[in-house]
Amino acid sequence: MIAAGIRILLIEDHQDIAELLTDYLEAQGAVVDYAGDGVTGLHLAVTKPCDVIVLDLGLPGMDGLELCRQMRQLARSDVPILMLTARDTLTDKLKGFEQGADDYLVKPFELEEVAARVAALHRRARPGGPQDEHRYADLSLNSRTREVSRNGTPIELKPIPFAILDALLRAAPNVVPRAELERAVWGDEPPDSDALRTHVAALRRAVDKPFDQPLLQTVHGVGYRLREPE
Ligand code: CA
């Protein structure tokens, strides 16, 4: 449902809710950063790139509305924000949107609902904007136009190698475990274990073979990653 490798910043002071949400979103393939208070949350929001922010309204230190306002007005960030709140009142909703939240969810919520809203915000966010473009070293992939290139040279990829590269680029230079890649490509019904290997080999032929520097590395027993040679 949500895009594999999507980077989510969760700002929530309620430990149990934060853990539930983190576990759930990570199981869906998201990469989750977490802050338990507003000041830490704002710091992470402006220093680390992320695709969607899930923000609790009631936070110690700086509340969610103030954090939203500072994100939009001072930091000039337009990362989509899903606001969570226990206070089910229209005024809070309106305030949230005035301060720049993009969507709103009232506690208690279903985990599936949070994931669905996050996915929708991610899809809607600035179509054609820089968030569609994933780059590492001289390699770039546009998830919207589906163009792939290295050092400006276009590369043709079939859908599965494309999906693998997309997941690797979002995580680069970190390793993506085999299971995570399989989920990113085939969802909950991965084919037999050699399928991934075959498609990675095809990806390597297209992306590395014609070029001087290989980027796609196998991390034995773990998975794959894109990394520039030392
Ligand atoms: Ca709270």
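A residue is called buried here when its relative accessible area is under 20%. Keep that cut-off in mind as you move through this predicted model.

**Stop one: helix 8**

Select residues 194-207, which form helix 8. The helix has 14 residues and reaches 20 Å from its first C-alpha to its last, close to the 20 Å expected at 1.5 Å a residue. Now show the side chains of Ala195, Leu196, Val200, Leu203, Ala206 and Val207, which are buried. Look down the axis: these residues cover an arc of only 130°, so they sit on the same side of helix 8.

**Stop two: the largest nonpolar core**

Helix 8 is one of the elements that each supply at least two residues of the largest nonpolar core. To see the others, add strand 7 (139-142), helix 6 (159-171), helix 7 (178-186) and strand 12 (223-226). Which helix gives the most to this core? Helix 6 does, with 7 residues.

The core has 26 residues, and Leu139, Leu165, Leu168 and Leu226 touch the most other members. Centre the view on Leu168 next. Beyond its neighbours within four places in sequence, Leu168 is in contact with Val176, Leu181, Leu203, Leu216, Tyr224, Arg225 and Leu226. You have already met Leu203, one of the buried residues of helix 8.

Apart from this core lies another, of 22 residues. Select Ile6, Val52, Val114 and Val118, which are among its members. In soluble globular proteins, nonpolar side chains tend to be buried together.

**Stop three: two cis peptide bonds**

Most peptide bonds are trans, but here are two cis ones to inspect. Zoom in on Lys107 and Pro108, joined by a cis peptide bond with omega about 0°. Pro108 belongs to the loop between strand 5 (103-106) and helix 5 (111-124).

Then go to Ala172 and Pro173, where the peptide bond is also cis, with omega near 5°. Pro173 lies in the loop that runs between helix 6 and strand 10 (176-177).

**Stop four: positive phi without glycine**

Most residues other than glycine have a negative phi. Select Ala137, where phi is positive, at about 50°. You will find Ala137 in the loop between strand 6 (133-136) and strand 7. Is Ala137 buried or partly exposed? Ala137 counts as partly exposed because its relative accessibility is 36%.

Finish at Asn151, which has a positive phi of about 50° and is not a glycine. Asn151 is placed in the loop between strand 8 (148-150) and strand 9 (153-155). With a relative accessible area of 62%, Asn151 is exposed.

Terms used:
Residues numbered from 1 in each chain as written. Predicted model: local features only at pLDDT ≥ 70, side-chain atom pairs only at ≥ 80, totals over all residues. Heavy atoms only, no water. Core = buried A, V, L, I, M, F, W, Y, C linked by side-chain atoms within 4.5 Å. Buried < 20%, exposed > 50% of the residue type's maximum accessible area, 1.4 Å probe, protein only. Helix = DSSP H or I, 4+ residues; strand = E, 2+ residues; numbered from the N terminus. Contact = heavy atoms within 4.5 Å. Expected span 1.5 Å × (residues − 1). Arc of directions from axis to C-beta.
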